[in-house]
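Me: I have a structure to read and would like to learn how its labels are earned. Could you take me through them?

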Amino acid sequence: MSAFTHHIFICGNQRSPGHARGCCDADGSEQLRTAFKAEVKRRGLTPLVRANKAGCLDQCELGPTVVIYPQGIWYGNVQLEDVSRIIDETVVGGKVLEDLLIADELLNTKGGTIQPSSSDDSAAETGAK
Ligand code: FES
């Protein structure tokens, strides 16, 4: 049995203004993390549900980014007004919110740009084109 039914990681990474990839908590306020923690506590979901600040989750262009494990549900562009809905519908109700979901094919693409496949990487390592 896992320690948590839902472990919610909220990206709180900050970068300098104008950074090409942006960041999920530009003002460093941690408002999103604080809202998740408060909502989990308010609903009495602890200790089986936990919300933690995370460093960069590498989905910066699609942020603010939240991932819920062990389900592996990735949400992007998460706003404060989404927090109670995520807790209600995903954590309690087991429903994936399609409007926030980062599709599998967009994960690790730096916002939708398809990255070279591993075979291309190996070609680059060997100098082959
Ligand atoms: S800064 Fe949040 S995912 Fe990278």
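Reply: Gladly! One term first: two residues are in contact if their C-beta atoms, placed from the backbone, lie within 7 Å. In this predicted model, Ala35, Phe36, Glu39 and Val40 in α1 meet Val83, Ser84 and Ile87 in α2.

Me: What makes α1 and α2 oblique to each other?

Reply: Look at the angle: the two helices pack at about 45°, with their axes 9 Å apart. Angles under 35 degrees count as roughly parallel, and 65 to 115 as roughly perpendicular. The value of about 45° fits neither range, so α1 and α2 are oblique. Their crossing is right-handed.

Me: Where do these helices sit in the order of elements?

Reply: From the N terminus, the order is β-α-β-β-β-α-α. That makes three helices and four strands in the chain.

Me: How do you know which parts of the model to trust, going by pLDDT?

Reply: pLDDT is the predictor's confidence in each residue, from 0 to 100. The chain averages 88, and 85% of the residues score at least 70. Over residues 118–129, however, the pLDDT is below 50, and this stretch has three contacts beyond near neighbours in sequence.

Me: Why is Asp99 called exposed?

Reply: Count its neighbours: 8 other C-beta atoms lie within 10 Å of Asp99. The label exposed applies at 12 or fewer, so Asp99 earns it with 8. Asp99 is found in the loop between α2 and α3. Its C-alpha atom is 9.5 Å from that of Asn77, and the two are 22 residues apart along the chain.

Me: And what makes Leu106 partly exposed?

Reply: Leu106 has 18 C-beta neighbours inside 10 Å. Buried would need 20 or more, and exposed would need 12 or fewer. With 18, Leu106 falls in between, so it counts as partly exposed. Leu106 too has its place in the loop between α2 and α3. Leaving aside neighbours within four places in sequence, Leu106 is in contact with Leu62 and Gly112. Leu106 and Leu62 are 44 residues apart in sequence, while their C-alpha atoms are 9.1 Å apart.

Me: Which residues have the most contacts inside the largest nonpolar core?

Reply: They are Ile8, Phe9, Ile10, Phe36, Val66, Val67 and Tyr75, in a core of 26 residues. Among the elements that each supply at least two core residues are β1, α1 and α2. Val66 is a good one to click on: not counting residues up to four places away in sequence, it touches Ile8, Phe9, Ile10, Tyr75 and Val78. In soluble globular proteins, nonpolar side chains tend to be buried together.

Me: What is unusual about some of the backbone angles?

Reply: Most residues other than glycine have a negative phi, and most peptide bonds are trans. Asn77 has a positive phi of about 50° although it is not a glycine. Asn77 sits in the loop between β4 and α2. Asp58, in the loop between β2 and β3, also has a positive phi, near 65°. As for peptide bonds, a cis one joins Gly63 and Pro64, with omega about 0°. Another cis bond joins Tyr69 and Pro70, where omega is about 10°.

Me: Why is Asn77 partly exposed?

Reply: Asn77 has 14 other C-beta atoms within 10 Å. That number is over the limit of 12 for exposed and under the 20 for buried, so Asn77 is partly exposed.

Conventions. Residues are numbered from 1 along each chain as its sequence is written. This is a predicted model: local features need pLDDT of at least 70, side-chain atom pairs count only at pLDDT 80 or more; totals for chains, interfaces and linings use all residues. A nonpolar core is a set of buried Ala, Val, Leu, Ile, Met, Phe, Trp, Tyr and Cys residues joined through C-beta atoms within 7 Å. Axes are lines fitted to C-alpha atoms, for helices over the stretch in contact, and angles run from 0 to 180 degrees between N-to-C directions. Angles under 35 degrees count as roughly parallel, over 145 as roughly antiparallel, 65 to 115 as roughly perpendicular and the rest as oblique. A crossing is left-handed if the near helix is turned anticlockwise from the far one by less than a right angle, and right-handed if clockwise.
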